[in-house]
Amino acid sequence: ANTSFGSQGLSWKLVGGTLTISKTGNGTGEMPGFAFGGETTPWYDRKEEITTLIFEEGVTSISSYAFEKHTMLASVVFAGSIKQINAYAFYCCSGLTSVVLPVSLNSIGYRSFYFCTGLTSVTIPAHVTVVWHEDFAGCKNLQAVYAQATIPTVCKENVFKGIPSDCKLYVTGSSKMAYEVADTWKDFNPILTDETFNEPVTSDIKLYPSPVRDGFSVNGTEGEAKFNVFGINGAMVLSGMVSDHGYISVALLPAGIYMVKLETSQGIVTRKLIKQ
């Protein structure tokens, strides 16, 4: 059963390792404030059980310290209504491997993902105006950052301190030169173009679910399509043919970010694939 918390219409439930935060009552959908250490969160005593976190539509913010040191947490699904992630929200969540922040987001608080040592990729959406101090510092296994803003987002001090020197930055083709001279972003080497940022938003071809564990399906193709799956280093790791709603197994691939190229009757499209 759902258990309400705070005063803005939110509730939570934990079933089989999945913690779901829902908007079930009246209010703004903002999470209440929590104390340093997260001990005032209603799920604190069961944090070692939590492997998956789902925010449903209507949730608008994630509180400071809400999931601090939830080391078993491996996957987060963000609602499209979330506008703000506050300080230390996912501090030291070492089990996280990839984070795709929602397009609705406009603020990432201080040290939100500090020392998430298992994190290999993060996608920062276009509407985020500032990335605060040390947000991704200490993420020593970070391999790829996807920055979707055309104008480089302002970074405060030490945002990416301690990440690998060869961590790749992917940006839109039209903004590559701007990132090459922008503070903090210019320190990435290499800075690459992500073609998926430039695809028409009208394209109906989708991969689901996202992120994936064992496999995914393709929806929206007309007839069969040829597919190729590439790692972030550009090497092809999988290929074949798939029909509409057809299933592609990636169970044998390691966790990380991949690109899926689909050659369809509608044309060639690429999609990002996150494997957990």
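**Exercise 1. A charge and a ring**

Find which residue lies over the face of Y114 in this predicted model, and at what distance from the ring centre.

*Solution.* Start at the ring of Y114 and look along its face. The residue lying there is R111, at 4.2 Å from the ring centre. A charge counts as sitting over a ring when, for Arg, CZ is within 6 Å of the ring centre and within 35 degrees of the ring normal.

**Exercise 2. Aromatic pairs**

Work out how F67 and F90 are arranged, and which parts of the chain the pair ties together.

*Solution.* Begin with the overall count: a search of the whole structure gives 22 aromatic pairs. One of them is F67 with F90, with 5.5 Å centre to centre and 15° between the planes. Planes under 30 degrees apart count as stacked, so this pair is stacked.

Next, place the two rings. F67 is in the loop between β5 (61-62) and β6 (75-77), while F90 is in the loop between β7 (84-85) and β8 (98-100), so the pair ties together parts 23 residues apart in sequence. Both F67 and F90 are buried.

Now repeat the steps for F136 and F160. Their rings are stacked too, at 5.8 Å centre to centre with 10° between the planes. F136 belongs to the loop between β11 (130-131) and β12 (144-147), and F160 to the loop between β13 (154-155) and β14 (168-171); the pair therefore ties together parts that are 24 residues apart in sequence. F136 and F160 are buried as well.

**Exercise 3. A strand and its partners**

Determine which strands pair with β18, and in what sense.

*Solution.* First locate β18, which covers residues 225-231. The strand is mostly covered, with five of its seven residues buried.

Then follow the bridges. Six of them join β18 to β19 (residues 236-242), and these strands run antiparallel. Within this pairing, N228 stands opposite S239 of β19. Another six bridges link β18 with β21 (residues 256-264), again in the antiparallel sense. Here G231 has Y258 of β21 as its bridge partner.

**Exercise 4. A loop residue**

Decide whether E48 is buried, partly exposed or exposed, and list its contacts beyond four places in sequence.

*Solution.* E48 is found in the loop between β3 (18-23) and β4 (52-55). Its relative accessibility is 49%. Exposed needs over 50% and buried under 20%, so E48 counts as partly exposed.

For the contacts, set aside neighbours within four places in sequence; E48 then touches T71 and M72. As a last step, try S165: this residue is 117 residues from E48 along the chain, and their C-alpha atoms are 32 Å apart.

Terms used: Residues are numbered from 1 along each chain as its sequence is written. This is a predicted model: local features need pLDDT of at least 70, side-chain atom pairs count only at pLDDT 80 or more; totals for chains, interfaces and linings use all residues. Side-chain values use heavy atoms; hydrogens and water are left out. Buried means under 20% relative accessible area, exposed over 50%, partly exposed in between (1.4 Å probe, protein chains only). Helices (H or I, at least four residues) and strands (E, at least two) are DSSP runs, numbered from the N terminus. Two strands pair if DSSP finds at least two bridges between them. Contact means heavy atoms within 4.5 Å. Rings of Phe, Tyr and Trp (its six-membered ring) pair if their centres lie within 6.5 Å; planes under 30 degrees apart count as stacked, over 60 as edge-to-face and the rest as tilted.
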